[in-house]
Amino acid sequence: MRIFLIALALLFATVKPVWAANSDDADQVALNQQYQQFINAFAALDPQRLVAIYADDATYIPEQQNVAIVTGKNSIVELYQKFFDRIRKRKAHIEVDFRLVKRLIQGNSATDVCYYLVRFHPPAETEEPVSEFAGKMVTVSEKNAQGVWQWKVDISNRAEPQHFFDATPKPNLYYGHHFSPLTK
């Protein structure tokens, strides 16, 4: 993980970037829409809504230490299917949102750095409280031959929810607004 972050830092330092505020508005909108698709997939517990986000040869590096690197869109969608099935079996629902802090666009490649927050809502009859977890995430998108942005790499690890709430909006970057801190 540390090596990946060092490599990512070197990439940011050596590439002459085109930052979000200077890049094509259509690309910004398309890249931001990926996060809304992700939110909709979680709300519906429908991993098929993630199919358009991931490239066929995408790689997902999950935060869990016991889960190996997942390669290929179908395998990634299967992983989300299992996760959503567990939520559905518990008769619960989940929400997710994102706050982007940086985007680097270089040609047909885009790298996003963000925080995410996931809220778990147990069934009302259990009287269990809503719980949440948060994390840091990096995605690398590429524009395919049809001009559609798709995630090629998705890597995440856990973070305190406060980091999500402390993130500040940046011009042209997706910034979710529908979560407030949980009261205890």
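This passage describes aromatic pairs, a charge over a ring, and the surroundings of two strand residues in a predicted model.

A search of the whole structure finds 17 aromatic pairs. Phenylalanine 38 and phenylalanine 98 form one that is edge-to-face. Their ring centres lie 5.6 Å apart, with 80 degrees between the planes. This pair links distant parts of the chain. Phenylalanine 38 belongs to helix H2 (residues 25–44), whereas phenylalanine 98 belongs to strand S4 (residues 93–106). The separation in sequence is 60 residues. Both phenylalanine 38 and phenylalanine 98 are buried.

Tyrosine 54 and tryptophan 151 also form an edge-to-face pair. Here the centre-to-centre distance is 5.5 Å and the angle between the planes is 90 degrees. Again, distant parts of the chain are linked. Tyrosine 54 lies in strand S2 (residues 54–61) and tryptophan 151 in strand S7, 97 residues apart. Tyrosine 54 counts as buried because its relative accessibility is 1%, under the 20% cut-off. Tryptophan 151 is buried, with a relative accessible area of 0%.

The four residues of these pairs belong to one aromatic cluster, which includes Phe38, Phe98, Tyr54 and Trp151. Its other members are Tyr35, Phe42, Tyr60, Tyr80, Phe83, Phe84 and Tyr174. A further ring, that of phenylalanine 133, has arginine 158 over its face. The distance from the ring centre is 4.1 Å.

Cysteine 114 is part of strand S5 (residues 109–121). Its relative accessibility is 2%, so cysteine 114 counts as buried. The C-alpha atoms of cysteine 114 and leucine 100 are separated by 4.0 Å, although the two residues are 14 apart along the chain. Beyond its neighbours within four places in sequence, cysteine 114 is in contact with Phe98, Arg99, Leu100 and Val101, among others. Tyr35 is also one of its contacts. Gly135, Lys136 and Met137 complete the list. Two of these contacts, Tyr35 and Phe98, are members of the aromatic cluster.

Lysine 152 is found in strand S7 (residues 149–159). Its side chain is joined to that of aspartate 57 by a polar contact of 2.6 Å. Neighbours within four places in sequence aside, lysine 152 is in contact with Ala55, Asp57, Ala58 and Thr59, among others. The remaining contacts are Val140, Ser141 and Glu142.

Conventions
Residues numbered from 1 in each chain as written. Predicted model: local features only at pLDDT ≥ 70, side-chain atom pairs only at ≥ 80, totals over all residues. Heavy atoms only, no water. Helix = DSSP H or I, 4+ residues; strand = E, 2+ residues; numbered from the N terminus. Polar contact = N/O pair within 3.5 Å; in protein donor to acceptor, adjacent residues only side chain to side chain. Contact = heavy atoms within 4.5 Å. Buried < 20%, exposed > 50% of the residue type's maximum accessible area, 1.4 Å probe, protein only. Phe/Tyr/Trp six-rings, centres within 6.5 Å; stacked < 30°, edge-to-face > 60°. Lys NZ or Arg CZ within 6 Å of the ring centre and 35° of its normal.
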